[in-house]
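The exercises below ask the reader to work from the model, and each is followed by a solution in steps.

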Amino acid sequence: MPTGLKSTSGQIAVSFRQSAAPGTFGQKRIDLQLNALDNEVFVVTGVKLDLLAPQSNLTGVAANMDPSTFAALTAQPTTAMPTLEESNCFATASQQVRVLEEVQAGGGYAVAFGFQENAVDTPHNMDYLAIIATPNFYVSCEGNADNANSSVVTGKLYGYRAQASSSIYASLVQSELLSS
């Protein structure tokens, strides 16, 4: 338990889903229903993100395509795809497919595929990953223009509600809002 917090619930799992059309960025607000009058915060203990695999349209001509899907969880809204270097981003995941089409002599073509995935890796020896002091978090999803399908992320956020003292609560809210 983080210093200065008192648990007010057992473990909670919050489910979510977000999608974005090819070449676009989408973001969804997920309400945690925290009680600000009681200085309630959400202590994040784990994250699970699943991405729908990006698909490519084969063109039949020489081409390099990199259909990809990216996802992130943040404590505050963003205008572009967040990364872990941002202090309010606490989880990311990505999938990329490398497609190389090559026209063959005689009329056919060959296709080579490669796949790369950056799965969420929740550290096992940490008490918590993040503390969310405002009443919601944000799920972001983005796919590039080479995608033949929409980018989709589904997942769960694990954690528990806790009550903070007034001074700690004020510091957490200020820190969260200034980091966005």
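Two strands are taken to pair if DSSP finds at least two bridges between them. The structure is a predicted model, and the exercises should be read with that in mind.

**Exercise 1.** Determine which strands pair with β11, in what sense they run, and how many bridges join each of them to β11.

Solution. Begin with strand β1, residues 5-7, which pairs with β11 in the antiparallel sense over three bridges; within this pairing, Lys6 stands opposite Gln163. Continue with strand β2, residues 12-20, which is joined to β11 by nine bridges and also runs antiparallel to it, and here Gln18 is the residue that stands opposite Val153 of β11. Finally, take strand β4, residues 40-51, where eleven bridges make an antiparallel connection to β11 and Phe42 stands opposite Arg161. As a last step, consider how far β11 itself is covered: of the 14 residues in this strand, which spans 151-164, ten are buried.

**Exercise 2.** Establish how the buried residues of helix α1 are arranged around its axis, and which elements cover them.

Solution. First check the helix for regularity: α1 comprises residues 166-178, 13 in number, and its span from first to last C-alpha is 18 Å, close to the 18 Å expected at 1.5 Å a residue. Next, list its buried residues, which are Tyr169, Val173 and Glu176. Because these buried residues fall within an arc of 70 degrees when viewed down the axis of α1, they line one face of the helix. The face turned away from that buried side carries Ser167 and Leu178, both exposed. The cover over the buried residues of α1 includes β4, β9 (130-132) and β11.

**Exercise 3.** Describe the setting of Thr74, beginning with whether this residue is buried or exposed.

Solution. Thr74 belongs to strand β6, which covers residues 68-74. Its relative accessibility is 0%, and because the cut-off for a buried residue is under 20%, Thr74 counts as buried. The side chain of Thr74 reaches the backbone oxygen of Gln76 at 2.8 Å. Beyond neighbours within four places in sequence, Thr74 is in contact with Gln27, Pro82, Asn88, Cys89, Phe90, Phe137 and Tyr138.

**Exercise 4.** State how many disulfides the structure holds, and then whether Cys89 and Cys141 are buried or exposed.

Solution. The number of disulfides in the structure is zero. Cys89, at 7% relative accessibility, counts as buried, and Cys141, at 0% relative accessibility, counts as buried as well.

Terms used
Residues numbered from 1 in each chain as written. Predicted model: local features only at pLDDT ≥ 70, side-chain atom pairs only at ≥ 80, totals over all residues. Heavy atoms only, no water. Disulfide = S-S within 2.5 Å. Buried < 20%, exposed > 50% of the residue type's maximum accessible area, 1.4 Å probe, protein only. Helix = DSSP H or I, 4+ residues; strand = E, 2+ residues; numbered from the N terminus. Polar contact = N/O pair within 3.5 Å; in protein donor to acceptor, adjacent residues only side chain to side chain. Contact = heavy atoms within 4.5 Å. Expected span 1.5 Å × (residues − 1). Arc of directions from axis to C-beta.
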